[in-house]
Amino acid sequence: MQTIHWKINKQQSNNLIYQKAAELLQNGECVAFPTETVYGLGADATNQAAIQKIYAAKGRPSDNPLIVHIAKREQMDQFIASYPPKALQLMEAFWPGPLTVILPLKKDSLAANVSAGLSTVGVRMPEHPVSLELIATANIPIAAPSANRSGKPSPTTAEHVIEDLDGEIAGIIDGGPTGVGLESTVIDCSLDVPIILRPGGITIEQIEQVIGTVDLSTNSTTEKPKAPGMKYTHYAPKAPVYLVEGSSQFWQSEINKVEIAGKKLGILATKELTSKLATSAVIQSTGSIKAMGEIATSLYKGLRAFDHADVDIIFAEVYPETELGAAIMNRLEKAAGNRRISE
């Protein structure tokens with residue numbers, strides 16, 4: 001398949017791009033587009049064959065449900081059975097934005113493979129002008145996981161999408177780098193006490209300020225996942241990732257062991273840590289420990305860069321699991337498969 005590449009021009013009208021991309025979506029094809037979190041791979045959420053193309057292009061397990069993206073709240077009425085009061089509070093507070101709300105699904109309203117056979121579905125309204133305009137132009141709910149090969153680090157630029165999916169999908173809209181850099185927070189509001197299934201751009205602290213106490217998922221790998229990012233290995237580059245927890249002296253001793261063994265090392269860490277290390281490793285700086293938003297934005301770009309550097313092993317810094325740090329560590333732990341070296 002030849003993939004059409006479009007580039008958004010902020011100085012000119014892009015109406016033709018949106019019309020052409022919307023036509024592809026309406027005709028059952030897949031189109032990648034930017035959101036404020038990562039690039040998504042979209043298809044008509046009511047078209048089972050179109051949704052199957054997402055799973056095929058990504059190599060995604062069929063029991064891993066998709067998130068449905070909308071441009072206006074009224075679009076949900078065609079497929080959501082009911083709106084719990086706390087869900088409405090969260091939508092009012094954080095939409096458009098990086099929050100996915102899981103709600104009861106009307107029977108036979110969406111393609112069955114969107115929800116992987118579940119009676120609930122995750123919905124969000126992205127906070128990005130390109131995604132909102134595309135969804136509004138297509139005038140259909142768009143199911144969209146991240147636009148990458150399943151298991152790899154998520155794409156935060158159109159180049160990342162091209163790297164993974166060029167020739168596999170109908171179109172890619174280049175809207176520049178994404179902002180948040182991590183996928184949306186997913187909260188299940190179909191329960192009496194809402195439960196956060198995946199931390200993301202909206203923090204637990206922000207959510208609890210709006211609706212009070214929420215539960216946190218234990219992310220059991222034996223259960224059928226109700227949201228993306230729960231069950232399978234995700235966000236991983238080719239080389240094994242190890243989370244390294246300890247002082248700069250401990251880091252240096254672990255680096256020395258790898259380099260003495262003749263292995264090519266990659267390091268994903270803050271500038272505060274890397275400035276204290278003596279090494280010939282390939283370093284991807286995540287920015288300053290004082291700016292967790294900067295770390296989130298640079299995380300996937302850094303992990304992807306190691307594939308091009310052909311490293312043998314990757315050491316990644318550990319961060320405090322508060323506020324945005326919870327989402328960062330969730331992604332790093334998935335990338336590392338819980339491999340950890342501690343002082």
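**Reading the labels in this model**

Trainee: I see histidine 128 in the loop between strand E6 (120-124) and H4. Why is histidine 128 called buried?

Mentor: One reminder before we start: we are looking at a predicted model. Histidine 128 has a relative accessibility of 12%, and buried means under 20%, so histidine 128 counts as buried.

Trainee: Which residues is histidine 128 in contact with, leaving aside its neighbours within four places in sequence?

Mentor: Histidine 128 has Pro34, Thr35, Glu36 and Gly175 as contacts. A contact here is a pair of heavy atoms within 4.5 Å.

Trainee: H4 follows that loop. What makes H1 and H4 oblique to each other?

Mentor: Helix H1 (residues 15-26) and H4 pack at about 60 degrees, with their axes 9 Å apart. That angle is not under 35 degrees, and it does not fall in the 65 to 115 range or over 145, so the pair is called oblique. The crossing of H1 and H4 is right-handed.

Trainee: Which residues meet there?

Mentor: From H1 come Tyr18, Gln19, Ala21, Ala22, Leu25 and Gln26, and they meet Pro129, Val130, Glu133, Leu134, Thr137 and Ala138 in H4. Sorted by class, this contact of H1 with H4 has eight nonpolar, three polar and one charged residues.

Trainee: What makes H3 oblique to H6?

Mentor: The axes of helix H3 (residues 85-94) and helix H6 (residues 204-211) cross at roughly 120 degrees and come within 10 Å. Roughly perpendicular covers 65 to 115 degrees and roughly antiparallel begins over 145, so the label left for H3 and H6 is oblique. H3 passes H6 in a right-handed crossing.

Trainee: Which residues make that contact?

Mentor: H3 brings Lys86, Gln89, Leu90, Ala93 and Phe94, while H6 brings Gln206, Ile207, Val210 and Ile211. Among these, six are nonpolar, two polar and one charged.

Trainee: And what makes H5 oblique to H9?

Mentor: For helix H5 (residues 158-165) and helix H9 (residues 292-309), the axes come within 12 Å and cross at roughly 45 degrees. An angle of that value is not under 35 degrees and does not reach the 65 to 115 range, so H5 is oblique to H9. Here H5 passes H9 in a left-handed crossing. The contact consists of His160, Glu163 and Asp164 of H5 with Lys301, Arg304 and His308 of H9.

Trainee: How many residues of each class does that contact have?

Mentor: There are no nonpolar, two polar and four charged residues in the contact of H5 with H9.

Trainee: Back to single residues. Why does alanine 43 count as buried?

Mentor: Alanine 43, in strand E3 (residues 39-44), has 0% relative accessibility, and the cut-off is under 20%, so it counts as buried. Leaving aside neighbours within four places in sequence, its contacts include Leu25, Cys30, Ile54 and Pro141. Alanine 43 and alanine 144 are 101 residues apart in sequence, yet their C-alpha atoms are 6.6 Å apart in space.

Trainee: Is glutamate 183 buried or exposed?

Mentor: Glutamate 183 has 7% relative accessibility; with under 20% as the limit, it therefore counts as buried. Its place is in the loop between strand E8 (171-174) and strand E9 (185-188). Beyond its neighbours within four places in sequence, it is in contact with several residues, including Arg198, Tyr235, Tyr300 and Arg331.

Trainee: Then how do you know whether asparagine 139 is buried or exposed?

Mentor: Asparagine 139 has a relative accessible area of 54%, and exposed means over 50%, so it is exposed. It lies in the loop between helix H4 (129-138) and strand E7 (142-143). Its phi is near 60 degrees, a positive value in a residue other than glycine.

Trainee: How many disulfides are there?

Mentor: The count is zero disulfides. To be counted, a pair of cysteine sulfur atoms has to be within 2.5 Å. Cysteine 30 and cysteine 189 are buried, because their relative accessible areas of 3% and 2% are under 20%.

Trainee: Last one: which residues does the cis peptide bond join?

Mentor: Tryptophan 95 and proline 96, with omega at about -10 degrees. Proline 96 is in the loop between H3 and strand E5 (99-104).

Notes:
Residues numbered from 1 in each chain as written. Predicted model: local features only at pLDDT ≥ 70, side-chain atom pairs only at ≥ 80, totals over all residues. Heavy atoms only, no water. Axes fitted to C-alpha atoms, helices over the stretch in contact; angles between N-to-C directions. Helix = DSSP H or I, 4+ residues; strand = E, 2+ residues; numbered from the N terminus. Left-handed = near helix turned anticlockwise from the far one by under 90°. Nonpolar A, V, L, I, M, F, W, Y, C, P; charged D, E, K, R; others polar. Buried < 20%, exposed > 50% of the residue type's maximum accessible area, 1.4 Å probe, protein only.
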